[in-house]
Amino acid sequence: MREYINRKKLPEAITGAYIALMLTAYLLWFDKSGYVAITQAKFPVFLILSGGYIVLTLVCAIIGKCLPKLKKFSAVEWLIIAYLLITLLSAACSPLAPKAWIGATRYEGALTIGIYCLSFLLISLYGKAGKWMLWPLGIGAIILCLVCIPQMQGLNPFSLYPEGYDYFGAGKYYSGQYLGTVGNTGLLAAYFCVAIPVMWVSIIRLEDKKRFLILLPLCLSLFVLIKMNVMAGLLGVFLGGAGLAFVLLVLFLMVANAGGNPSGNLGGGNLY
């Protein structure tokens with residue numbers, strides 16, 4: 001058993017590095033084309049990082065003989081596998097190839113979906129949550145917000161908007177709304193819907209004094225989210241946050257009523 005655990009360390013390390021790169025390098029990536037072709041700029045980086053992660057992790061897992069047996073897969077993992085197979089079969093039978101595989105302008109074809117599914121499966125098998133993940137999350141969020149805030153003041157850092165355009169031209173001089181290094185504000189709001197709850201729950205649950213450093217990216221993220229006023233993001237963060245707070249309160253009371261130490265159970269050193 002100990003030998004099996006040691007063989008898993010390399011895939012686990014690769015998975016951790018992949019998560020850190022996606023939270024920083026991929027999130028912040030853009031090129032000189034700016035918003036004109038930000039999807040085209042990010043897609044090759046996505047392929048390199050995610051495709052490289054999948055290949056490297058599978059090779060290490062096969063050589064290290066630490067691939068899990070099929071019977072150990074969870075119900076969710078089996079559903080993802082079924083979805084992947086159906087997607088591949090659909091693309092193979094589609095008369096619209098190669099668009100069915102690559103996708104149109106947003107690259108949402110079978111290739112991208114397949115990478116999503118395989119990345120999900122490998123992270124679920126080899127990913128281990130740790131406090132260190134808050135560092136790339138926080139650093140990525142800070143840099144992202146430091147790009148967004150000047151843009152919301154009418155500035156154009158890194159020339160992401162075409163010359164003569166700015167954030168306030170959305171819906172007037174061009175369709176859509178763009179902000180930060182993500183691009184579409186709807187996607188940016190989705191990022192905040194994931195990042196903000198992780199940050200505030202970490203502040204509550206962790207005991208390390210360094211957890212208060214998370215207040216900086218948290219406050220910046222909340223400011224940008226509120227300022228850009230994407231309703232889906234506001235509902236996701238605040239309504240979802242209220243629901244999450246209720247769940248944490250119920251767990252806290254259950255532990256207290258059971259005679260345990262609520263702070264010890266809910267505020268320990270683990271991230272989750």
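This passage describes the two largest pockets of a predicted model. Residues are numbered from 1 along each chain as its sequence is written. In this predicted model, local features need pLDDT of at least 70, side-chain atom pairs count only at pLDDT 80 or more, and totals for chains, interfaces and linings use all residues; side-chain values use heavy atoms, without hydrogens and water.

The largest pocket has a volume of about 1,800 Å³. A pocket is an open set of points on a 1 Å grid over the protein atoms alone, where a 1.4 Å probe fits, with protein on both sides within 12 Å along at least five of seven lines. Points are joined across faces, edges and corners, and the volume is the space filled by probe spheres set on them. Its lining (residues with an atom within 4 Å of a point) comprises 43 residues, and M22, Y26, F46, Y116 and L187 are the closest to the centre of the largest pocket. At least two lining residues come from each of α1 (2-28), α2 (38-63), α5 (110-126), α6 (134-151), β2 (183-184) and α7 (185-205). Helices (H or I, at least four residues) and strands (E, at least two) are DSSP runs, numbered from the N terminus. The top contributor is α2, with seven residues. The lining holds 30 nonpolar, nine polar and four charged residues. Nonpolar covers Ala, Val, Leu, Ile, Met, Phe, Trp, Tyr, Cys and Pro; charged covers Asp, Glu, Lys and Arg; the others, including Gly, are polar.

The second largest pocket holds about 310 Å³. Its lining has 17 residues, with L134, W135, K210, L213 and I214 nearest the centre. Two or more residues come from each of α6 and α8 (215-228). Helix α6 gives the largest share, six residues. By class, twelve are nonpolar, one is polar and four are charged in this lining.
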